[in-house]
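Welcome, and please open your viewer. We will take the tour one selection at a time.

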Amino acid sequence: MKILKTIQEMSVFSKKARRDGKSIGLVPTMGFLHEGHLSLVKSALLSVDLTVVSIFINPAQFGKNEDLDKYPRNMDKDLALLKEAGVDVVFAPEASEMYPGGFITFVTPQGGLEDVLEGEIRPGHFRGVATVVAKLFNITEPDKAFFGQKDAQQCLIIKKLAHDLNFSAEIVILPTVRETDGLAKSSRNSYLDAKERKAAPAIFKALQMAQHMIELGENDPSVVTAEIRKMIGRTKLLDLEYAVITDPETLHPVDSIGGRALALIAAKVGTTRLIDNIMIER
Ligand code: AMP
């Protein structure tokens, strides 16, 4: 497994691979890998010739008061997991490599998807995400890029980015990998203490309850979100930020539920912000 730290090395590798007729799959991550990340890696390994995993904690997507400095890291463990999985290349640049002095050009999604939900609570977050993903696409020239449905809003924005800026990469979205009690796997789960960890699965339980209510015929989103609020409200240590039932493509809240809907929750567990979502089909 090659470990590349510079854009130049990564770019040379990708250009040679393309000349040799090999397809490239990119799995962008911020490291501290778990089975959610590894499911994307496995999918890439099965569908392309060469799998590139990027490990980069992207400062541009963190707000001033967010957890950039304390974001969990364990490069040695990540490299061991990726080597064992059979990954071809890890691209792990420093922040100064991706954003050298004088960097001024950002990709800013505009049109609505970026300023609701996560975008409303984390202004500038998706500008940072779109910028780094565009850079990674230019550097690695992937045929396919793999993302997790856990970050549903990010998936929609990246699909738009690829389409709008004419990246040829196919965007592959894979299901959320969960702990046995339903909690979505996340690097940020490592912030939870024992009591918080016990409380956190209530987020997914509330989503499942919403799914159940809708499957049983409830079509008023405000009735469903009121139940979610109640359930999260009675769980100690949990503080709901939003619970919405939206159109899965536009993320606009729906007035009435019919067909497919996406239920999304963001909540604080102690001081840790967690997000999750569930696609509901009827
Ligand atoms: P992150 O390192 O958190 O930026 O995540 C890197 C990629 O892994 C993103 O595409 C995430 O959506 C995806 N991912 C994170 N957690 C999960 C999970 N529990 N299941 C599936 N994919 C995930």
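In which loop is Leu251 found? Select Leu251 and look to either side: this residue sits in the loop between β7 (238–246) and β8 (261–269). Keep in mind as you go that the model is predicted.

**Two leucines with positive phi**

Stay with Leu251 for a moment. Its phi is positive, about 65°, although the residue is not a glycine. Most residues other than glycine have a negative phi. Leu251 counts as buried because its relative accessibility is 2%, and the cut-off for buried is under 20%.

Now select Leu117, in the loop between α4 (95–98) and α5 (118–121). Here too phi is positive in a residue other than glycine, with a value near 50°. Is Leu117 buried or exposed? At 9% relative accessibility, Leu117 counts as buried.

**Along helix α6**

Next, select residues 125–140, which form helix α6. How far apart are the end C-alpha atoms of α6? They are 22 Å apart, and this agrees with the span to expect: at 1.5 Å a residue, the 16 residues of the helix should span 22 Å. Try colouring α6 by accessibility: the helix is mostly covered, with 14 of its 16 residues buried. Then step on to Glu141, which follows α6 and has a positive phi, near 45°.

**Around the ligand**

For the last stop, select the ligand and show the residues around it. There are 17 of them, and the closest are Met30, His37, Asp151, Val177 and Lys185.

Which atoms of these residues should you look for? Begin with Met30: one of its backbone N or O atoms lies 2.9 Å from an oxygen atom of the ligand. Move to His37, where an N or O atom of the side chain is 2.8 Å from an oxygen atom of the ligand. At Lys185, turn back to the backbone: an N or O atom there lies 2.8 Å from a nitrogen atom of the ligand.

Now switch on a surface. On its own the ligand has 490 Å² of accessible area, and the protein covers 92% of that.

Which elements give two or more residues to the shell around the ligand? Select β2 (24–29), α2 (35–47) and β5 (144–148) to see them. α2 gives the most, with three residues. To finish, colour the shell by residue class: you will find seven nonpolar, seven polar and three charged residues.

Definitions and conventions
Residues are numbered from 1 along each chain as its sequence is written. This is a predicted model: local features need pLDDT of at least 70, side-chain atom pairs count only at pLDDT 80 or more; totals for chains, interfaces and linings use all residues. Side-chain values use heavy atoms; hydrogens and water are left out. Helices (H or I, at least four residues) and strands (E, at least two) are DSSP runs, numbered from the N terminus. The expected span of a helix is 1.5 Å times one less than its number of residues. Buried means under 20% relative accessible area, exposed over 50%, partly exposed in between (1.4 Å probe, protein chains only). A residue is near a molecule or strand if one of its heavy atoms lies within 4 Å of it. A polar contact is a pair of N or O atoms within 3.5 Å; within protein, one must be able to donate a hydrogen and the other to accept it, and residues adjacent in sequence count only if both atoms are side-chain atoms. Accessible areas come from the Shrake-Rupley method with a 1.4 Å probe; for residues, only the protein chains shown count as cover. Ala, Val, Leu, Ile, Met, Phe, Trp, Tyr, Cys and Pro count as nonpolar, Asp, Glu, Lys and Arg as charged, and the others, Gly among them, as polar.
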